[in-house]
Amino acid sequence: MDVFTDTPYLGNPVAVVLSADGLSAEQMQLVARWTNLSETAFVLAPRAGGADYRVRIFTPARELPFAGHPTLGTCHAWLEAGGRPADPGSIVQECEAGLITVRRTGAGLAFAAPPLVRSGPVEEAVAERVARTLNIARSDIADIAWADNGPGWVAVLLASAGAVLAVQRPVTVDLDIGVTGPYPAGSPEAIEVRAFSPKITSIEDPVTGSLNASLGQWLLESGRVTAPYVASQGTAMGRRGRVHVSRDADGQVWVGGGTVTCVSGTVEL
């Protein structure tokens, strides 16, 4: 699946293995290591009440409790394969992080952003470390905060989208760093986003659902953006990811975008 795009091969890919109930965790990890994608998802029968299906999400190195673009890609693949949710208005995914609600929107599928497990200001030593990793001056960082909904994100705000695109991809990273900056008022996209993580083979992730979810919570709470808005990500990698972020009357942040099937077939295990 390609996620956060309506055009195949311009988003963020995820491999989705359906009917994976007979696979062990070791086999799932083996497949995820072989695909070498940022994540590979395995669909199983639900165990929790109210869930339509269960998913286990693996990077090439380990299992994740939750990730954004695998959530949307898995939901698309499950629906495309004939899955029927108990509630026609929403789909409920079970994962290690709990139950995640996915709904259909005009911009594609969208998931309910999980709550932050860590927020607030970062220690100055961490801020200095982030600046060194990004090869920018500490004074270039307009704001920095923990915005962690599971993977460990520290959010960095730069002065502009152009400043975000000017960041040279680090050679190595030892933190999960999300960088964002605003486009001029009136632009089709509100912000540019880049994600750097030691968990990703190429260091930089093309389009990142979990980061956009936590960035949305941080930026909306601080009043730096207003909902709904569109985030651009992947530009520096030759992609064209578009993440649609909205907030409902209850304050729940939703993160969505296009999903398309690029490859389908049978996996030999």
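## A tour of strand E13 and some salt bridges

Start by selecting strands E13 and E14 (residues 191-196): the two run antiparallel and are joined by six bridges. Keep in mind as you look around that this is a predicted model.

**Stop 1: along the E13–E14 pairing.** Pick Pro182 and then look across to E14, where its bridge partner is Ile191.

**Stop 2: the other pairing.** Now add strand E12 (residues 153-157) to your selection. E12 pairs with E13 in the parallel sense, over five bridges. To see one pair of partners, click on Ala155 and find Gly178 in E13, its bridge partner.

**Stop 3: E13 and its surroundings.** Is strand E13 largely enclosed or not, and why? Show the rest of the structure again and select residues 176-182. Six of these seven residues are buried, so E13 is largely enclosed by the rest of the structure.

**Stop 4: a salt bridge at Glu204.** Time to turn to side chains. Side chains of opposite charge can pair when their charged atoms come close. Select Glu204 and Arg169, whose side chains meet in a salt bridge at 3.0 Å, N to O. This pair links distant parts of the chain, 35 residues apart: Glu204 belongs to strand E15 (residues 204-205), while Arg169 lies in the loop between helix H4 (161-166) and E13.

Which of the two partners is buried, and which is partly exposed? Glu204 has a relative accessible area of 2%, so it counts as buried. Arg169, with 38%, is partly exposed.

Before leaving, add Arg194 to the selection: a network of salt bridges links Arg169, Arg194 and Glu204.

**Stop 5: Arg56 and Glu63.** Next, select Arg56 and Glu63. Their side chains form a salt bridge, with 2.9 Å from N to O. Arg56 is buried, at 17% relative accessibility; the cut-off for buried is under 20%. Glu63, with a relative accessible area of 24%, is partly exposed.

**Stop 6: Glu123 and Arg118.** For the last pair, select Glu123 together with Arg118. Here the side chains meet in a salt bridge at 3.6 Å, N to O. Glu123 is partly exposed, at 42% relative accessibility, and Arg118 is partly exposed too, at 36%.

**Where to go from here.** How many salt bridges does the structure hold? There are 11, including the one between Arg56 and Glu63, so feel free to keep exploring the charged side chains at your own pace.

Key:
Residues numbered from 1 in each chain as written. Predicted model: local features only at pLDDT ≥ 70, side-chain atom pairs only at ≥ 80, totals over all residues. Heavy atoms only, no water. Buried < 20%, exposed > 50% of the residue type's maximum accessible area, 1.4 Å probe, protein only. Helix = DSSP H or I, 4+ residues; strand = E, 2+ residues; numbered from the N terminus. Pairing = 2+ DSSP bridges. Salt bridge = Lys/Arg side-chain N within 4 Å of Asp/Glu carboxyl O.
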